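Got your viewer open? Let's take a short walk, one selection at a time.

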Amino acid sequence: MPTAAARSKGLRKFIPQPDHFAERYGRFTLTARDVEILDVVHRYRYLEARHIRALVGGSGQQITRRLQGLFHNKYLGRYARRERMRLELDSGAPLIAYGLELKGARALERHRGAAAGIAGPPPALVRWKKEYTRRTEWFLEHHLMVSNFRCVLELALREAPDTELVTWNQGKETWFRVSIPDQRRRHVRLAPDAYFVLRRGGQVRHIYLEADRGTEEHRRVRDKIVGYWWHLQSDRRADPNAVRRRVNVLFVTTSERRLLGLLATLRAMPKPKLRDHGGKGSFLCCSELEYTIAHPTGILGSVWRATTHPTTWLSLIP
C-alpha cells in the first residue's frame with residue numbers, strides 16, 4: 001500500500017463533448033476497429049493511447065481519432081492526475097489513461113454475442129463495475145506500470161514465435177496466503193500484480209509480477225519477499241507427479257536506484273532452507289527503463305538481475 005504522502009484525493013475525469021466531436025468529424029458510428037480497441041482496453045483495464053496504438057496497429061493518427069470518438073461518445077473514459085493538469089505545479093503533458101465505460105462494456109458484450117452466433121459457444125463475459133471509474137492517482141499509475149509491462153511483453157512475443165504466453169491473470173484470483181513458521185506462526189497475504197506463464201519449447205516458467213513504484217514501506221517489502229520465499233519452498237506447490245514447477249518472481253522498479261536498493265535488501269535477508277523439498281524458484285529484478293514499446297524484445301533478453309548472479313544480466317527464459 002502507498003504511504004499517506006503518496007495518496008491523492010482522486011483523478012481528473014474528463015467530460016465528453018459529443019456535439020463538439022460531431023461538429024468536427026461528423027456522426028460517430030462504431031466500427032470493427034473500435035470494437036477491437038474496446039476489447040484491448042477491457043483486457044488491460046487502463047491503457048495510455050501509445051499502448052493502444054501499438055497493440056491495435058494500423059495508422060496511429062486514425063487510432064487517435066477513433067479514441068477521440070470513443071471518448072466523446074461515452075464508450076471510453078479519460079483519466080489523469082489532478083496535479084498533472086496544472087502546469088505551474090507539474091510541467092509536461094498530462095499522463096492520460098483510457099478506461100472502459102458502461103456504454104463501451106455493453107457494446108463490447110453485444111458484439112461478442114453476435115460473433116459467437118446462435119450455435120457457437122457462449123461469449124466471454126464483459127466484467128465491468130462502476131467503481132472502476134472511481135480510483136485514486138496512485139492506483140492508476142500503479143496499474144499503468146503493470147499495463148506497460150504486459151503491453152511490451154505481448155509486443156515482444158509477436159516477434160518471438162518460439163515463445164508463447166500461455167496465460168495472464170490479474171486480480172483476486174492470483175492472491176494467496178502463506179504460513180510462515182517463525183517463533184510464532186504467522187500468515188502473510190500476498191497479492192501479486194499479475195501471474196503469467198511463458199513457454200519456450202519444453203521450458204515453462206510460472207511467473208509472479210510485482211510492480212514496485214517505491215511507495216511501500218520497507219517493512220512491507222521485506223514481508224512480501226519473505227512470503228514469496230516460503231511460498232516457493234512450500235511442498236504444496238509440487239505437482240501430483242512430484243515435479244516441482246519452476247517459478248520466478250519479477251520485481252519491476254521505476255529507477256536504477258530503487259533497483260539497487262531492492263537487490264541489496266534481497267542480498268541481506270536470510271533465506272529459509274527446507275531440507276526435505278527445497279525451493280525451486282528465483283527473484284529477478286529490472287528497471288522499467290530497460291524495455292520500451294519501440295524495442296519490446298528487450299524485455300525477453302538479458303535485462304534482469306538476481307542476487308545469485310550480481311555481475312550477470314539474465315533473461316526470463318534462458
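**Stop one: the end of the chain**

Select Pro318, which sits in the segment that follows strand E13 (309–314). Bear in mind as you look around that this is a predicted model.

Is Pro318 buried or exposed? Pro318 counts as exposed, because its relative accessibility is 66%.

Now add Arg200 to your selection. In sequence, Arg200 and Pro318 are 118 residues apart, yet from C-alpha to C-alpha the gap in space is 9.5 Å. If you set aside the neighbours within four places in sequence, Pro318 is in contact with Arg200, Gln203 and Arg205, so show those three as sticks too.

**Stop two: zoom out**

Switch to a cartoon of the whole chain. You'll be looking at 8 helices and 13 strands. Of the 318 residues in the chain, 45% are buried.

Pairs that are distant in sequence feature here as well: take the contacts between residues at least 6 apart in sequence, and 68% of them join residues at least 24 apart. Turn on the surface next. The chain exposes about 17,300 Å², with carbon and sulfur atoms supplying 50% of that area.

**Stop three: strand E4**

Hide the surface and pick strand E4, residues 97–100. Which way do its residues point? Ala97 and Gly99 go one way, while Tyr98 and Leu100 go the other, and all are buried.

Then bring in strand E2, residues 46–47. E2 and E4 run antiparallel, and 2 bridges join them. To find one pairing, click on Tyr46: its bridge partner in E4 is Gly99.

**Stop four: strand E11**

Jump along to Ser282, in strand E11 (residues 281–287). What does its side chain meet? There is a polar contact of 2.8 Å between the side chains of Ser282 and Asn248.

Widen the selection around Ser282. Apart from neighbours within four places in sequence, Ser282 is in contact with Leu232, Arg246, Val247, Asn248 and Val249.

**Last stop: two cysteines**

Finish with Cys285 and Cys286. Cys285 counts as buried because its relative accessibility is 0%, and Cys286, also at 0%, counts as buried too.

Why is there no bond from the sulfur of Cys285 to its closest cysteine sulfur? That closest sulfur belongs to Cys286 and lies 8.9 Å away, which is too far for a bond. Start from Cys286 instead and the closest cysteine sulfur is the one in Cys285, again at 8.9 Å and too far for a bond. Across the structure, the disulfide count is 0.

Conventions:
Residues are numbered from 1 along each chain as its sequence is written. This is a predicted model: local features need pLDDT of at least 70, side-chain atom pairs count only at pLDDT 80 or more; totals for chains, interfaces and linings use all residues. Side-chain values use heavy atoms; hydrogens and water are left out. Helices (H or I, at least four residues) and strands (E, at least two) are DSSP runs, numbered from the N terminus. Buried means under 20% relative accessible area, exposed over 50%, partly exposed in between (1.4 Å probe, protein chains only). Contact means heavy atoms within 4.5 Å. Accessible areas come from the Shrake-Rupley method with a 1.4 Å probe; for residues, only the protein chains shown count as cover. Two strands pair if DSSP finds at least two bridges between them. A polar contact is a pair of N or O atoms within 3.5 Å; within protein, one must be able to donate a hydrogen and the other to accept it, and residues adjacent in sequence count only if both atoms are side-chain atoms. A disulfide is a pair of cysteine sulfur atoms within 2.5 Å.
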